[in-house]
Amino acid sequence: MDIWHGLEEVPADLGRSVVTIGVFDGVHRGHRTLITQARAMADALGAPCVVMTFDPHPLAVLCPDRMPPMLGNLADRADLAEDLGVDHMLAIRFTPELASQSPEEFFTGVLQNQLHAAAVVVGDNFTFGHRASGNTETLRELGKRYGVAVEVLPLVAEDGTTLSSTVIRGLLNDGDIRRANWALGRNYSVAGHICRGAGRGGRELGYPTANLYFPDSVALPADGVYCGWFTILDDAPVDGDMRPHQRYMTAVSVGTNPTFGDERRSVEAFVLDQEADLYDRFCAVEFVERIRGMVKFHSVDELLEAMSKDVQRAREILAAEPTHSIL
């Protein structure tokens with residue numbers, strides 16, 4: 001799949017295309033409905049399927065103080081879109097100039113003149129143009145005027161919940177990882193390079209952890225202990241008994257470490273039954289279920305007893321989980 005970083009990278013000979021538009025943060029099940037419909041329409045027309053997204057997030061430009069933590073980065077969106085059969089992703093640089101365009105200027109300048117859209121697929125909450133002055137009715141009217149088919153899909157709602165990135169962030173914030181995963185259609189995961197921890201002797205305690213640190217712009221589950229899967233994503237040989245791209249059971253601590261006075265918020269993964277040098281490796285942690293909240297223990301012995309119970313509970317939960325990767 002091609003990724004075009006800006007309109008200037010769109011090939012002049014693209015030809016007619018089918019486009020779906022949105023931030024697509026997390027590419028959750030609602031987003032997948034849009035992309036799947038766009039893919040089906042593209043197949044029917046013999047045209048490429050294009051996902052148009054924005055980088056940075058529009059709120060980062062328009063209202064930085066309201067910018068939410070993200071469920072993934074542009075590369076994550078691209079990987080998930082490619083899995084759904086998308087041919088091209090256009091990552092438009094969201095700027096004040098773009099935000100100032102009228103709905104018709106955006107439609108003719110981007111959709112008609114550069115993407116040569118034969119059809120556009122959006123959700124029924126879609127807005128566009130200066131101060132979000134265009135909505136789905138505006139889009140339909142412009143489509144009729146310029147000969148572009150417009151498909152508006154209802155938002156996906158199940159069990160009384162409308163699936164959205166905002167809802168998923170709320171579920172993560174509540175520590176309800178099972179329901180967040182249900183809304184996503186996969187296990188929520190984060191990825192990064194393993195860093196040195198606070199030096200509090202995890203290996204000496206018998207629970208050496210692989211530590212990842214993230215900025216506030218990355219959505220993390222609520223502080224607590226979770227179980228999940230750990231995967232080395234890079235291809236270099238491993239010093240130890242682990243292998244790249246293989247999933248391993250893990251117990252995961254999210255948050256600061258109040259027992260040892262570490263105020264940095266981190267994701268610390270204790271990989272069960274394996275031993276390897278993971279420093280500087282690029283790895284992913286999938287979250288499956290929350291085991292407990294964060295607790296400040298009064299002694300190391302009390303901490304060790306709780307950790308032993310956490311690991312046992314992680315084994316029990318993960319034994320019933322699929323072992324194939326859903327990253």
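Let us start at one residue: Leu142 sits in helix α6, which covers residues 136-146. Helices here are DSSP runs of H or I with at least four residues, strands are runs of E with at least two, and both are numbered from the N terminus. Is Leu142 buried or exposed? Leu142 counts as buried, because its relative accessibility is 4%. The terms have fixed limits: buried means under 20% relative accessible area, exposed means over 50%, and partly exposed lies in between, with a 1.4 Å probe and protein chains only.

Before going on, I should state what we are looking at. This is a predicted model, in which local features need pLDDT of at least 70 and side-chain atom pairs count only at pLDDT 80 or more, while totals for chains, interfaces and linings use all residues. Residues are numbered from 1 along each chain as its sequence is written, and side-chain values use heavy atoms, with hydrogens and water left out.

Which residues does Leu142 touch, leaving aside those up to four places away in sequence? They are Pro103, Glu104, Phe107 and Phe128; a contact here means heavy atoms within 4.5 Å. Take Glu104 from that list: Leu142 and Glu104 are 38 residues apart in sequence, and their C-alpha atoms are 7.1 Å apart in space.

Glu104 leads us to the salt bridges. In general, side chains of opposite charge can pair when their charged atoms come close. The rule used here asks for a side-chain nitrogen of Lys or Arg within 4 Å of a carboxyl oxygen of Asp or Glu. By this rule the count is 17 salt bridges. One of them pairs Glu104 with Arg145, with 3.1 Å between the closest N and O atoms. Glu104 belongs to helix α5 (residues 103-112) and Arg145 to helix α6, so this pair ties together parts that are 41 residues apart in sequence. Glu104 itself is partly exposed, because its relative accessible area is 31%.

A second example joins Arg265 and Asp223, whose side chains meet in a salt bridge at 2.7 Å, N to O. This pair links distant parts of the chain, 42 residues apart: Arg265 is in strand β13 (residues 262-271), and Asp223 is in the loop between β10 (210-213) and β11 (224-232). Arg265 is partly exposed at a relative accessible area of 35%, and Asp223 is partly exposed at 28%.

The third example is Arg313 with Glu289, a salt bridge of 3.9 Å, N to O. Where do these two residues lie? Arg313 is in helix α10 (residues 300-318) and Glu289 in strand β14 (residues 282-292), so the pair ties together parts 24 residues apart in sequence. Salt bridges that share partners also join Arg178, Glu289, Arg313, Glu316 and Glu321 into one network. Within this network, Arg313 counts as partly exposed, at 37% relative accessibility.

Some charged residues gather in another way. Asp76, Asp79, Glu82 and Asp83 form a patch of negative charge on the surface. A patch is built from residues with over 30% relative accessible area and no salt bridge; like charges are joined within 9 Å, and nonpolar side chains (Val, Leu, Ile, Met, Phe, Trp, Tyr) within 5 Å. Lys and Arg count as positive and Asp and Glu as negative, without His and the chain ends, and a charge is placed at NZ of Lys, CZ of Arg, CG of Asp or CD of Glu. From this patch, Glu82 lies in helix α3 (residues 74-83) and is partly exposed at 41% relative accessibility.

Two loop residues deserve a look. Gly185 lies in the loop between α8 (177-184) and β9 (188-193), and at 39% relative accessibility Gly185 is partly exposed. Beyond residues up to four places away in sequence, Gly185 touches Arg29 and Arg32. Leu7 is placed in the loop between β1 (2-5) and β2 (17-21). With the same exclusion of residues up to four places away, Leu7 touches Leu90, Ile92, Val110 and Gln114.

Finally, the whole protein. How many helices and strands are there? There are ten helices and 14 strands. The C-alpha trace spans about 70 × 40 × 35 Å along its principal axes. Of the 327 residues, 48% count as buried. Among contacts between residues at least 6 apart in sequence, 74% join residues at least 24 apart. The protein exposes about 15300 Å², with carbon and sulfur atoms supplying 49% of it; accessible areas come from the Shrake-Rupley method with a 1.4 Å probe, and for residues only the protein chains shown count as cover.
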